[in-house]
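Me: I would like to go through a protein model step by step, with short questions and reasoned replies. Could we begin with the chain as a whole and then turn to single residues?

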Amino acid sequence: MQQSGTQSPSCTGSYPSASDCFPLGSLSTAACGSETAPMPQKGEASTQGFPQLADPFKMRSTVNFYLCYLLCLALGLACVVCVCLWNSRWRGGFAWDGSSLQFNWHPVLMVTGLVVLYGYG
């Protein structure tokens, strides 16, 4: 059902233009978030060669990322320290001489590898 006076663009016929087949084809990709900056229009000043001011929203997300990273780093280190204290005080300490105290390295290395390092990954 078409209304009178309006026709839908069609890609058939003799040599259709790109805007007929792809209505958004005439848009600039730079305006849509591309990595390349759009070219300045006629009458606009070019900012090439001048430092761009930092976007406060990008800075806020970067600061939040580093705060979360430091929180994870501190919690991981605290976890490993707690397991080391538990093994040294309540399980008799550590050894590397074939005695049963050699197994006390197992929880420390498991927490370090599986919890802390996988958490950072």
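Me: Which atoms supply 65% of the area that the chain exposes?

Reply: This is a predicted model, and its chain exposes about 10,700 Å². Of the 121 residues, 10% count as buried. The atoms that supply 65% of the exposed area are carbon and sulfur.

Me: What pattern does the chain follow when it is read along the sequence?

Reply: The chain has three helices and zero strands, so the pattern is written with helix symbols, helices and strands being the elements that are numbered from the N terminus. Among contacts between residues at least 6 apart in sequence, 28% join residues at least 24 apart. Read along the sequence, the pattern is α-α-α.

Me: Which residues does the UniProt annotation "transmembrane region" cover?

Reply: The annotation comes from an unreviewed UniProt entry and names two stretches. In the model, one of them, residues 66-88, is 100% helix and 0% strand, with its end C-alpha atoms 33 Å apart. The other, residues 103-120, is 89% helix and 0% strand, and its end C-alpha atoms are 25 Å apart. According to the record, then, the residues covered are 66-88 and 103-120.

Me: How many Å apart are the end C-alpha atoms of helix α3, and what span should its 16 residues have?

Reply: Helix α3 runs over residues 105-120, and at 1.5 Å a residue its 16 residues should span 22 Å. The helix also bends by about 25° at T112. The expected span agrees with the distance in the model, in which the end C-alpha atoms are 21 Å apart.

Me: Which residues of α3 are buried, and is L109 buried or exposed?

Reply: The buried residues of α3 are P107, V108, V111 and V116. L109 is found in this helix too, and its C-alpha is 9.5 Å from that of V83, although the two residues are 26 apart in sequence. Because its relative accessibility is 54%, and exposed means over 50%, L109 counts as exposed.

Me: Where is G93 placed, and is this residue buried or exposed?

Reply: The place of G93 is in the loop between α2 (56-90) and α3. Leaving aside neighbours within four places in sequence, G93 is in contact with N87, S88, L101 and N104, and its C-alpha is 9.1 Å from that of W105, which is twelve residues away in sequence. Since its relative accessible area is 10%, and buried means under 20%, G93 is buried.

Me: What is the relative accessible area of N87?

Reply: N87 is found in helix α2. Not counting residues up to four places away in sequence, N87 touches G92, G93, F94, N104, P107 and V108. N87 is buried, and its relative accessible area is 0%.

Me: Why is C79 not joined to C82 by a bond, and how many disulfides does the structure hold?

Reply: A disulfide needs two cysteine sulfur atoms within 2.5 Å, and the sulfur of C79 is too far for a bond because the closest cysteine sulfur, in C82, is 6.9 Å away. C79 is partly exposed, at 29% relative accessibility. The number of disulfides in the structure is zero.

Me: Which cysteine has the sulfur nearest to that of C68?

Reply: C68 is partly exposed, with a relative accessible area of 49%. C68 is in no disulfide, and the nearest cysteine sulfur, 6.7 Å away, is that of C72.

Key
Residues numbered from 1 in each chain as written. Predicted model: local features only at pLDDT ≥ 70, side-chain atom pairs only at ≥ 80, totals over all residues. Heavy atoms only, no water. Helix = DSSP H or I, 4+ residues; strand = E, 2+ residues; numbered from the N terminus. Expected span 1.5 Å × (residues − 1). Bend = angle between axes of the 7 residues up to and from the residue. Buried < 20%, exposed > 50% of the residue type's maximum accessible area, 1.4 Å probe, protein only. Contact = heavy atoms within 4.5 Å. Areas by Shrake-Rupley, 256 points an atom, 1.4 Å probe, with all protein chains shown as cover. UniProt positions renumbered as here; feature names shortened; annotations may be inferred.
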